[in-house]
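Reader: Could you walk me through the charged side-chain pairs in this one, slowly and in a single go? I'd enjoy a close look at how they sit along the chain.

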Amino acid sequence: WRGREGAPYSTLVPSDEVTINYRHGLPVITLMLPTRSERCQFTVKPVVTTVGAFLQDVQREDKGIERAEVFATDGSKVSHATLMEVLLMNDFKLVINNAAYSVSPPVKDKLSSEHATEMEDIKSLVHRLFVALHLEDHQIRKERELLQKLDHLKGELLPLEQMKARIMDSADAKTSRLLWVGLALMSTQGGALAWLTWWVYSWDIMEPVTYFITYGSAMAFYAYFVLTKQDYIYPHAKDRQFLHYFYRKSRKQQFNVERYNKLKDDLAEAEESLRRLRQPLHLRLPIQEISDKD
């Protein structure tokens, strides 16, 4: 048996110097510490303990150990990241300083490894049973939390809703007045053109005037498109003017539009979660999974 550099180890220790037994389902590795000249037992958790962690425990127990490594039977070194569960499935060699120990794990560990998948299935079944038995309590507790959240959000929204209603009424009134003023100006312009055409001047004189008025209106509509990137459609123009008055009034009265929108989104989200939670309760159906959006 040779090391990594090709030099033979000075001692090849019999396999009975390192023994592996099982206690309470966990492997217990017993070996002779070279410096202290006494046997020591190491209990490992094969599912979580790595080869590197096991070797570090051995070196911490005996400070005189300068080198501790594990090799497979074909001479290849076993990585420190390998789980002990994998290592204990086959024979291996434990090298401590210049002594090489031949180790043959018992068959019991191999059998337990073969049943590892079955144990995971049993754990999963136990978890599902636990969830099923405590599901109703979880639903009631979650419903209580959502109801408390709804009451809190509604309490914060109430003064904002009242302020918003006043601002909307003011903005709607100003928008309506602006529309009526526009109608009045258009009526006045039409009457003035008719009076100038039939009583003051003739159509020959007024025709160029009406042409330039029409051309000026077209330029105004085009300028509206350049500034707003929207066509001048009366409902859209009315909504735009309404929002202009609304935000200007909101700044004056210190109405936080962003905070109001955030509270409305949180309220809608909580109401949807409560609806999804209550539906299986009333219908006695399996509950739908509700993601925690808090």
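Author: Happily! Arg67, Glu69 and Lys77 are joined in a network of salt bridges. Since you'll want to know what you are looking at, this is a predicted model. Across the whole structure, a search turns up 7 salt bridges.

The pair I'd look at next is Glu156 with Arg259, whose side chains meet in a salt bridge at 3.2 Å, N to O. This contact ties distant parts of the chain together: Glu156 belongs to helix α5 and Arg259 to helix α8 (residues 257–283), with their positions 103 residues apart in the count. Glu156 has a relative accessibility of 24%, so it counts as partly exposed. Arg259 is also partly exposed, because its value is 38%.

Now stay on helix α8, where Asp266 and Lys262 both lie, 4 residues apart, or about one turn of the helix. They form a salt bridge in which the closest N and O atoms are 2.8 Å apart. Which side of the buried cut-off does Asp266 fall on, with its 17% relative accessibility? Buried means under 20%, so Asp266 counts as buried. Its partner Lys262 is partly exposed, with a relative accessible area of 47%.

Helix α8 also holds Arg275 and Glu272, 3 residues apart and again about one turn of the helix. Here the closest N and O atoms of the salt bridge come to 2.7 Å. Arg275 is partly exposed at 45%, and Glu272 is partly exposed at 33%. As a general point, side chains of opposite charge can pair when their charged atoms come close.

To round off the picture, follow helix α5, the home of Glu156, along its residues 135–200. UniProt, in an unreviewed entry, lists residues 178–197 and 209–227 as "transmembrane region". In the model, residues 178–197 are 100% helix, and their end C-alpha atoms lie 28 Å apart. Residues 209–227 are likewise 100% helix, with 27 Å between the end C-alpha atoms.

There is a nonpolar surface patch to find as well: Trp195, Trp198, Trp199, Val200, Tyr201 and Ile205 make up about 780 Å². Helix α5 gives the largest share of that patch, 4 residues. Ile205, by contrast, lies in helix α6 (residues 203–228), and it counts as partly exposed because its relative accessibility is 48%.

Definitions and conventions
Residues are numbered from 1 along each chain as its sequence is written. This is a predicted model: local features need pLDDT of at least 70, side-chain atom pairs count only at pLDDT 80 or more; totals for chains, interfaces and linings use all residues. Side-chain values use heavy atoms; hydrogens and water are left out. UniProt positions are given in the numbering used here, feature names are shortened, and annotations may be inferred rather than shown by experiment. Helices (H or I, at least four residues) and strands (E, at least two) are DSSP runs, numbered from the N terminus. Patches are made of residues with over 30% relative accessible area and no salt bridge: like charges are joined within 9 Å, nonpolar side chains (Val, Leu, Ile, Met, Phe, Trp, Tyr) within 5 Å. Accessible areas come from the Shrake-Rupley method with a 1.4 Å probe; for residues, only the protein chains shown count as cover. A salt bridge is a side-chain nitrogen of Lys or Arg within 4 Å of a carboxyl oxygen of Asp or Glu. Buried means under 20% relative accessible area, exposed over 50%, partly exposed in between (1.4 Å probe, protein chains only).
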